[in-house]
Amino acid sequence: MSSVRGGSAGVAMAALAVGAHGFAGGGYPGASGLMLLMLAAAALGAIAAVLRPPAALPLLMLAGQPVCHVALSGLVQHGHAARAMEFTAHGPMVFAHAVAGLVCAFGILVAERLYELISRAVRVALIRPAGPPARVARLRPAHHSPTSKTLLALGAAGPRAPPVTA
């Protein structure tokens with residue numbers, strides 16, 4: 001499940017970063033900006049795949065949004081490099097990236113939990129119940145009295161009689 005979380009985090013981080021960046025007025029990336037964004041998103045997705053506690057994913061997504069912002073604006077457009085580091089000075093940009101990161105992280109965590117629940121329900125529905133319980137062999141008591149049939153086979157006339165040969 002961790003590889004699904006990492007892949008989902010990387011793809012969603014890139015898509016939401018482009019959307020948040022464009023929504024806040026930062027424009028949309030060209031080919032080189034998109035390539036840098038994909039590299040950053042792949043690295044962040046690989047980190048998300050190895051994270052264990054669920055609370056770490058929203059923090060990673062929040063930390064990854066400035067990285068995606070720099071990839072989208074600072075390293076792509078030659079004249080925009082000075083403004084790329086002014087990420088915190090532009091309020092709507094920070095807000096849009098933060099909301100995008102949190103929504104993305106919680107969406108991934110909800111999808112992960114729903115996947116676990118649905119797969120467990122399908123597994124329970126598809127697994128056949130075991131057959132009837134196996135029969136347990138009965139133990140005979142230590143002092144068991146012989147039946148008349150076994151006594152006659154041994155040559156005795158009755159249960160308290162001496163053997164016939166005596």
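The following questions and answers concern the helices, salt bridges and surface of a predicted model.

Me: What does the secondary structure of the protein come to, and in what order do the elements run from the N terminus on?
Reply: In this predicted model the secondary structure consists of helices, six in number, with zero strands. Read from the N terminus on, the order of the elements is therefore written with helix symbols, under the DSSP assignment of helices and strands, and it runs α-α-α-α-α-α.

Me: How many salt bridges are there in the protein?
Reply: The rule asks for a side-chain nitrogen of Lys or Arg within 4 Å of a carboxyl oxygen of Asp or Glu. Arg5 and Glu112 satisfy it with an N to O distance of 2.7 Å, and Arg113 and Glu116 satisfy it with their closest N and O atoms 3.3 Å apart. The count by this rule is two.

Me: Which parts of the chain does the salt bridge between Arg5 and Glu112 link, and are the two residues buried or exposed?
Reply: The side chains of Arg5 and Glu112 meet at 2.7 Å, N to O. This pair links distant parts of the chain, the two residues being 107 residues apart, with Arg5 in helix H1 (residues 2–23) and Glu112 in helix H5 (residues 91–126). As for their accessibility, Arg5 and Glu112 are both buried.

Me: Why are Arg113 and Glu116 separated by about one helical turn, and how exposed is each of them?
Reply: Arg113 and Glu116 are separated by about one helical turn because they lie three residues apart in helix H5. Buried would require a relative accessible area under 20% and exposed one over 50%. With a relative accessible area of 43% for Arg113 and 32% for Glu116, each residue counts as partly exposed.

Me: Which residues form a nonpolar patch on the surface, and what is the accessible area of the patch?
Reply: One of the residues in the patch is Leu114, which has its place in helix H5 and is partly exposed at a relative accessible area of 45%, a value that passes the patch cut-off of over 30%. The patch is formed by Val110, Leu114, Leu117, Ile118, Val122 and Leu126, and together these residues have an accessible area of about 560 Å².

Me: What percentage of the residues in the protein is buried, and what share of the exposed area do carbon and sulfur atoms supply?
Reply: Among the 166 residues in the protein, buried residues make up 31%. The area that the protein exposes is about 11300 Å², and the share of it supplied by carbon and sulfur atoms is 70%.

How values were computed
Residues are numbered from 1 along each chain as its sequence is written. This is a predicted model: local features need pLDDT of at least 70, side-chain atom pairs count only at pLDDT 80 or more; totals for chains, interfaces and linings use all residues. Side-chain values use heavy atoms; hydrogens and water are left out. Helices (H or I, at least four residues) and strands (E, at least two) are DSSP runs, numbered from the N terminus. Buried means under 20% relative accessible area, exposed over 50%, partly exposed in between (1.4 Å probe, protein chains only). Patches are made of residues with over 30% relative accessible area and no salt bridge: like charges are joined within 9 Å, nonpolar side chains (Val, Leu, Ile, Met, Phe, Trp, Tyr) within 5 Å. Accessible areas come from the Shrake-Rupley method with a 1.4 Å probe; for residues, only the protein chains shown count as cover.
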